[in-house]
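Subject: A structure to look through

Dear colleague,

I am passing on a structure for you to open beside this message, and below it I have written out what was found. Please keep the view open while you read, so that you can look up each place as it comes.

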Amino acid sequence: MQSNLDRRRVTGPEDSSPPVFDDSQNGALPQFSSTRIGRQPRDIRPIFLQTGLITQANGSAYIEIEHTKIACAVYGPRQLKNVAYSDRGRLNVEVKFAPFACPTRRVPNKDAEDRSVASLVHQALLPAVRLELLPKSSLDVFVTVLEADGLAGVAAAASIAASAALAHAGVEMLGLVTSCAATVVDGHIWLDPTEREQDNGRGTLGVACMPALGTITSTWQTGSLSIAETLQCIKECQERCTDAHFVVAKALTVNQS
């Protein structure tokens, strides 16, 4: 006997009940404290990095830093067609936020932060990639932000993931690029700030560098910082970039073994 049920429709349960919420929790965030909770001001959050998760790409990397989760894929080098000859290759970086990446749902293709983060990642990687060895070619870097915890943390994590993905793809580079951010809260420097810490800070500075060469590839700043605070932030961010460099190198070594 043929069944009259519509097999394309997922039927719900026969009995259901409304959800019960706990009235004792009103959902309000605790008051921000000038004393950092959970880690010291100079500590950065643990970094998880793995390469080779996207098999269709020439190189890929996934990075997770607590509430910041990013996937990166590299395609190329590809030959440019219907364009004038150039003795240097072209590096293209595209950043997209998943609609569920932030507490407030993001509308695709209508967010300016995509282009801002893409510009920061491009500036961080450009001095490291040897584009002079790739004439009339392009390297395409696609970054997908799955979860975001502040623009500073996203830009730093995306730079690390993109550098690892480029190395995994076999692209020749002068060195691995790592990045770290710092914010000033009540006159104290906090490294690797979260979104709430960045919002309550007076100014934020990000540094991308090649620790193996001791070279800074890019810096950016928002807010107000004194010259002394800026120099101190750069120095401490470079020290933490060295720590992140070991994580990237280890992830690439594990993938090759």
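Asp186 is exposed, because its relative accessible area is 58%, and a residue counts as exposed when that value is over 50%. Please bear in mind that this is a predicted model. Asp186 lies in the loop between strand 6 and strand 7, and its phi is near 55°, a positive value in a residue other than glycine. That is worth a second look, since most residues other than glycine have a negative phi.

Asn82 can be read in a similar way, for its phi is near 60°, again a positive value in a residue other than glycine. Asn82 is found in the loop between strand 3 and strand 4 (90-97), and with a relative accessibility of 82% it counts as exposed. Two further points of the backbone may be noted here. Gly170, just after helix 2, takes a positive phi of about 85°, while Gly76 and Pro77 are joined by a cis peptide bond with an omega of about 5°. Of this pair, Pro77 lies in strand 3, which covers residues 68-79. As background, most peptide bonds are trans.

Stepping back to the whole chain, the protein holds four helices and nine strands, and from the N terminus on these elements run β-β-β-β-α-β-α-β-β-α-β-β-α. Of its 257 residues, 44% are buried, and the accessible surface comes to about 14900 Å², with 51% of it belonging to carbon and sulfur atoms. If you take the contacts with a separation of 6 or more, 68% of them are between residues 24 or more positions apart.

Which cavities does the structure hold, and how many are of 30 Å³ or more? There are two of them, and about 130 Å³ of space lies in the largest. The largest cavity is lined by 15 residues, of which Ile47, Ile65, Ala156, Ser179 and Asp192 lie nearest its centre. Helix 2 (151-168), strand 6 (178-185) and helix 4 (227-256) are the elements that give two or more residues to this lining, and helix 2 gives the most, with four residues. By character, the lining of the largest cavity divides into nine nonpolar, three polar and three charged residues.

The second largest cavity has a volume of about 50 Å³, and the residues that line it include Leu120, Val121, Ala155, Ala156, Ser179 and Trp220. Two or more residues of this lining come from each of helix 1 (112-125), helix 2, strand 8 (203-210) and strand 9 (215-223). The lining of the second largest cavity divides into eight nonpolar, four polar and no charged residues. You will find Ala156 and Ser179 among the residues nearest the centre of the largest cavity and also in the lining of the second largest one.

Asp192, one of the residues named for the largest cavity, deserves a closer reading. Asp192 is placed in the loop between strand 7 (188-191) and helix 3 (195-199). Is Asp192 buried or exposed? Its relative accessibility is 11%, so it counts as buried, the limit being under 20%. Leaving aside neighbours within four places in sequence, Asp192 is in contact with Arg36, Arg39, Ile44, Arg45, Ile65, Cys180, Ala181 and Glu197; Ile65, in turn, is among the residues nearest the centre of the largest cavity.

Helix 2 also contributes to the linings of both cavities, and its own geometry can be checked. At 1.5 Å a residue, its 18 residues should span 26 Å, and the end C-alpha atoms are 25 Å apart, which agrees. Because 15 of those 18 residues are buried, helix 2 is largely enclosed by the rest of the structure. Ala167 is found in helix 2, and at 25% relative accessibility it counts as partly exposed. Beyond its neighbours within four places in sequence, Ala167 is in contact with Met173, Leu176 and Leu252. Ala167 and Ala61 are 106 residues apart in sequence, and their C-alpha atoms are 9.7 Å apart in space.

With best wishes

Technical notes:
Residues are numbered from 1 along each chain as its sequence is written. This is a predicted model: local features need pLDDT of at least 70, side-chain atom pairs count only at pLDDT 80 or more; totals for chains, interfaces and linings use all residues. Side-chain values use heavy atoms; hydrogens and water are left out. On a 1 Å grid over the protein atoms alone, a cavity is a set of points where a 1.4 Å probe fits but cannot get out, and a pocket is an open set with protein on both sides within 12 Å along at least five of seven lines; lining residues have an atom within 4 Å of a point. Grid points are joined across faces, edges and corners, and a volume is the space filled by probe spheres set on the points. Ala, Val, Leu, Ile, Met, Phe, Trp, Tyr, Cys and Pro count as nonpolar, Asp, Glu, Lys and Arg as charged, and the others, Gly among them, as polar. Buried means under 20% relative accessible area, exposed over 50%, partly exposed in between (1.4 Å probe, protein chains only). Contact means heavy atoms within 4.5 Å. Accessible areas come from the Shrake-Rupley method with a 1.4 Å probe; for residues, only the protein chains shown count as cover. The expected span of a helix is 1.5 Å times one less than its number of residues.
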